[in-house]
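Student: I should like a close look at a single part of this model and at its surroundings. Please begin with the covering of that part, and then describe what lies around it.

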Amino acid sequence: MTKSLLIELNKCTGCRSCIVACKNWNKLEPRTENRNMAEVRKAVEKAKGTDKFSVDEFTYIHEKDIKNFYKRQCMHCDDPQCVKNCPAHAIVKYDNGAVVVDKTKCEGVGLCAQVCPFDVPVMGEDKKPVKCTLCYDRITQNPALEPACVKACPSKALKFGNIDEMRQYASKFKYVYGGGLNDSYNSSVIYASKVPFENIDFKVAEIHNIANVLDALKHPVGILSIVGGAALVGLKIYRDRKKKVLEGEK
Ligand code: SF4
Ligand code: SF4
Ligand code: SF4
């Protein structure tokens with residue numbers, strides 16, 4: 001059953017408890033488990049200055065101004081660009097809705113980070129992408145746990161449940177984004193709001209031209225079609241060619 005994370009914007013106070021919980025669960029810095037309140041407050045203050053994803057920020061609050069802000073994380077799209085364009089098939093869209101990177105398969109090409117219409121994945125120092133997992137390792141437990149951010153939200157601005165229930169809940173709102181309600185991404189993350197999204201500087205999907213992306217990456221795989229296995233073949237040809245060049249140089 002596909003699950004959904006619903007974000008009810010009007011209930012969010014910007015307290016950043018969700019961010020602290022995400023860091024603790026995913027072992028991102030700064031972690032605050034077993035720390036005192038002063039240290040937790042310090043971490044929250046630090047999170048306030050964050051306005052982009054990083055290897056330690058799977059989620060953050062984008063603040064247009066003091067009254068207008070919203071939580072960002074991976075949208076867990078249906079048929080995601082990151083999955084479709086990964087030449088190594090290292091990103092999986094699971095039936096439960098989560099889109100998760102398998103670092104053991106990742107070839108470090110970085111296309112996922114470039115083609116994501118929401119600019120979510122970030123490449124780490126190990127050349128592997130990181131991003132929100134929809135807490136795949138929590139929601140697949142038996143009994144299942146809800147995502148860490150959902151559990152931590154004191155305002156109940158975050159809900160987690162079957163996507164049909166979340167869609168039904170969201171349909172009561174004037175402004176909705178995600179879940180296939182007014183987007184083509186059928187994402188597992190749904191935003192519901194009483195105020196227009198323009199008010200919060202909301203980032204809607206932005207399709208990146210794959211040719212431009214490949215050009216920017218200056219990756220030889222770009223000369224080949226990035227369609228499923230073709231990309232993988234391209235990558236192999238590139239590697240074989242590179243190996244021959246290196247051997248020739250010896
Ligand atoms: S938001 Fe980006 S990273 Fe997340 S599933 Fe969609 S395409 Fe992939
Ligand atoms: S679902 Fe999990 S990984 Fe994603 S933002 Fe929430 S706590 Fe972080
Ligand atoms: S914990 Fe809830 S209220 Fe606080 S910032 Fe996150 S979503 Fe908003």
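Tutor: In this predicted model, the part to examine is helix α1, whose buried residues are covered by elements that include α2 (37-48), β2 (60-63), β3 (69-72), α6 and β8 (158-162). The helix is mostly covered, since 8 of its 10 residues are buried. The buried positions are C18, I19, V20, A21, C22, K23, N24 and N26. Just after α1, K27 adopts a positive phi of about 60 degrees.

The helix also takes part in the surroundings of ligand 2. The shell around ligand 2 consists of C22, N26, T59, K71, C132, T133, L134, C135, P147, A148 and C149. Two elements, α1 (17-26) and α6 (148-152), each give two or more residues to this shell. By class, the shell around ligand 2 holds 7 nonpolar, 3 polar and 1 charged residues. C22 and N26 thus appear in the shell around ligand 2 and among the buried residues of α1.

Ligand 3 has a shell made up of C12, T13, G14, C15, R16, S17, C18, I61, C153, P154, S155 and L158. One of these residues, C18, is also a buried residue of α1. The shell around ligand 3 divides into 7 nonpolar, 4 polar and 1 charged residues.

For ligand 1, there are 14 surrounding residues, and the closest are C74, M75, C77, C82 and C116. Its shell comprises 11 nonpolar, 2 polar and 1 charged residues.

N26 leads on to the largest pocket, which has a volume of about 160 Å³. The lining of this pocket is formed by N26, F58, V99, V100, V101, K103, P129, V130, K131, C132 and T133. N26, C132 and T133 belong to this lining and are also found in the shell around ligand 2. Strands β5 (99-101) and β7 (129-130) each contribute at least two residues to the lining, and β5 provides the largest share, with 3 residues. The lining contains 7 nonpolar, 2 polar and 2 charged residues.

Among the elements that cover α1 is β8, and F160 is placed in that strand. Beyond its neighbours within four places in sequence, F160 contacts K3, S4, L5, L134, I139, E146, P147, V150 and M166. Of these contacts, L134 and P147 are also members of the shell around ligand 2. The C-alpha atoms of F160 and L145 are 10.0 Å apart, with their positions 15 residues apart along the chain.

A further strand, β9 (residues 175-178), contains Y175. Y175 counts as partly exposed because its relative accessible area is 22%, which falls between the limits of 20% for buried and 50% for exposed. Apart from residues up to four places away in sequence, Y175 touches Y191, A192, S193, K194, V195, P196 and F197. Y175 and S193, 18 residues apart in sequence, have a C-alpha to C-alpha distance of 5.1 Å.

The whole chain gives the setting for these details. The chain has 9 helices and 10 strands, and buried residues make up 48% of its 250 residues. Among contacts with a separation of 6 or more, 59% join residues 24 or more positions apart. The chain exposes about 13200 Å², of which carbon and sulfur atoms supply 52%.

Notes
Residues are numbered from 1 along each chain as its sequence is written. Chains are lettered from A and ligands numbered from 1 in the order in which they are written. This is a predicted model: local features need pLDDT of at least 70, side-chain atom pairs count only at pLDDT 80 or more; totals for chains, interfaces and linings use all residues. Side-chain values use heavy atoms; hydrogens and water are left out. A residue is near a molecule or strand if one of its heavy atoms lies within 4 Å of it. Helices (H or I, at least four residues) and strands (E, at least two) are DSSP runs, numbered from the N terminus. Ala, Val, Leu, Ile, Met, Phe, Trp, Tyr, Cys and Pro count as nonpolar, Asp, Glu, Lys and Arg as charged, and the others, Gly among them, as polar. Buried means under 20% relative accessible area, exposed over 50%, partly exposed in between (1.4 Å probe, protein chains only). Contact means heavy atoms within 4.5 Å. Accessible areas come from the Shrake-Rupley method with a 1.4 Å probe; for residues, only the protein chains shown count as cover. On a 1 Å grid over the protein atoms alone, a cavity is a set of points where a 1.4 Å probe fits but cannot get out, and a pocket is an open set with protein on both sides within 12 Å along at least five of seven lines; lining residues have an atom within 4 Å of a point. Grid points are joined across faces, edges and corners, and a volume is the space filled by probe spheres set on the points.
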